[in-house]
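User: Could you take a close look at one part of this model for me? I'd like the backbone oddities first, and then the place where the two halves of the chain meet.

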Amino acid sequence: MPHNLSAISYFVDDYDSAIDYFTHTLGFTLSEDKSTGKDSRFVLVTPRGSSASILLMRASNEEERALIGKQAADRVFMILASEDFWRDYDTFKQKGVEFLESPREEPYGTVAIFRDKYGNKWDLIQPTV
């Protein structure tokens with residue numbers, strides 16, 4: 001039986017602010033948003049064309065709040081593959097995304113690291129074909 005990664009948990013401070021960032025700034029789709037009880041929701045945002053989503057989880061205690069923006073310490077946490085690096089790079093820059101470096105060519109593709117609104121680092125990459 002094949003396995004498929006369907007979602008990755010991601011701590012945020014507020015559902016609506018996170019939805020706005022992921023959908024309007026990064027261009028993800030809001031795939032699901034359902035109430036699961038008092039002050040709790042099941043929220044999935046999905047990059048265009050991806051089979052995996054990000055499960056937005058509102059931090060509910062000090063331990064979880066401490067992880068916001070530090071889910072991979074100070075290393076790259078997510079890798080966002082693009083079919084058109086320069087289109088997405090320019091769009092993200094116009095929307096205020098903070099890139100930590102200039103784009104560079106690597107044997108595996110064109111890549112640049114950016115920091116999301118929470119402080120987590122991402123690679124934006126167009127893989128070499």
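Analyst: Ala73 counts as exposed, because its relative accessibility of 59% is over the 50% cut-off. Keep in mind that this is a predicted model. Ala73 lies in strand E5, which covers residues 71-74, and its phi is positive, about 60°, although the residue is not a glycine.

Asp39 is another residue to check on the backbone side. Its phi is near 60°, again a positive value in a residue other than glycine. Asp39 sits in a loop, with strand E2 (29-37) on one side and strand E3 (40-46) on the other. With a relative accessible area of 55%, Asp39 is exposed.

Now for the interface. The chain splits into domain 1 (1-67) and domain 2 (69-128), and their centres, taken over C-alpha atoms, are 19 Å apart. On the domain 1 side 20 residues make contact, and they meet 18 residues of domain 2. Interface size is often quoted as the accessible area lost when the parts come together. Here about 1400 Å² is buried between domain 1 and domain 2, with carbon and sulfur atoms giving 59% of that area.

As for polar links, the rule picks out 1 salt bridge across the interface of domain 1 and domain 2. Asp88 and Arg48 form a salt bridge in which the closest N and O atoms are 3.6 Å apart. There are also 9 residue pairs in polar contact across the interface of the two domains, both partners being at pLDDT 80 or more. On the side of domain 1 that touches domain 2, the elements giving two or more residues are strand E1 (7-12), helix H1 (15-25) and helix H2 (62-67). H1 gives the most to that side, with 6 residues. Sorted by class, the side of domain 1 that touches domain 2 has 13 nonpolar, 4 polar and 3 charged residues.

One last stop, this time at a buried spot: Thr110, found in strand E9 (residues 109-115). Its relative accessible area is 10%, so Thr110 falls under the 20% cut-off and is buried. The side chains of Thr110 and Glu105 are joined by a polar contact of 2.8 Å. Leaving aside residues up to four places away in sequence, Thr110 touches Phe85, Trp86, Arg104, Glu105, Leu124, Ile125 and Gln126. Glu105 thus appears both as a contact of Thr110 and as its polar partner.

Methods. Residues numbered from 1 in each chain as written. Predicted model: local features only at pLDDT ≥ 70, side-chain atom pairs only at ≥ 80, totals over all residues. Heavy atoms only, no water. Helix = DSSP H or I, 4+ residues; strand = E, 2+ residues; numbered from the N terminus. Buried < 20%, exposed > 50% of the residue type's maximum accessible area, 1.4 Å probe, protein only. Polar contact = N/O pair within 3.5 Å; in protein donor to acceptor, adjacent residues only side chain to side chain. Contact = heavy atoms within 4.5 Å. Domains from an automatic or database assignment. Buried area = accessible area lost by both parts, 1.4 Å probe. Salt bridge = Lys/Arg side-chain N within 4 Å of Asp/Glu carboxyl O. Nonpolar A, V, L, I, M, F, W, Y, C, P; charged D, E, K, R; others polar.
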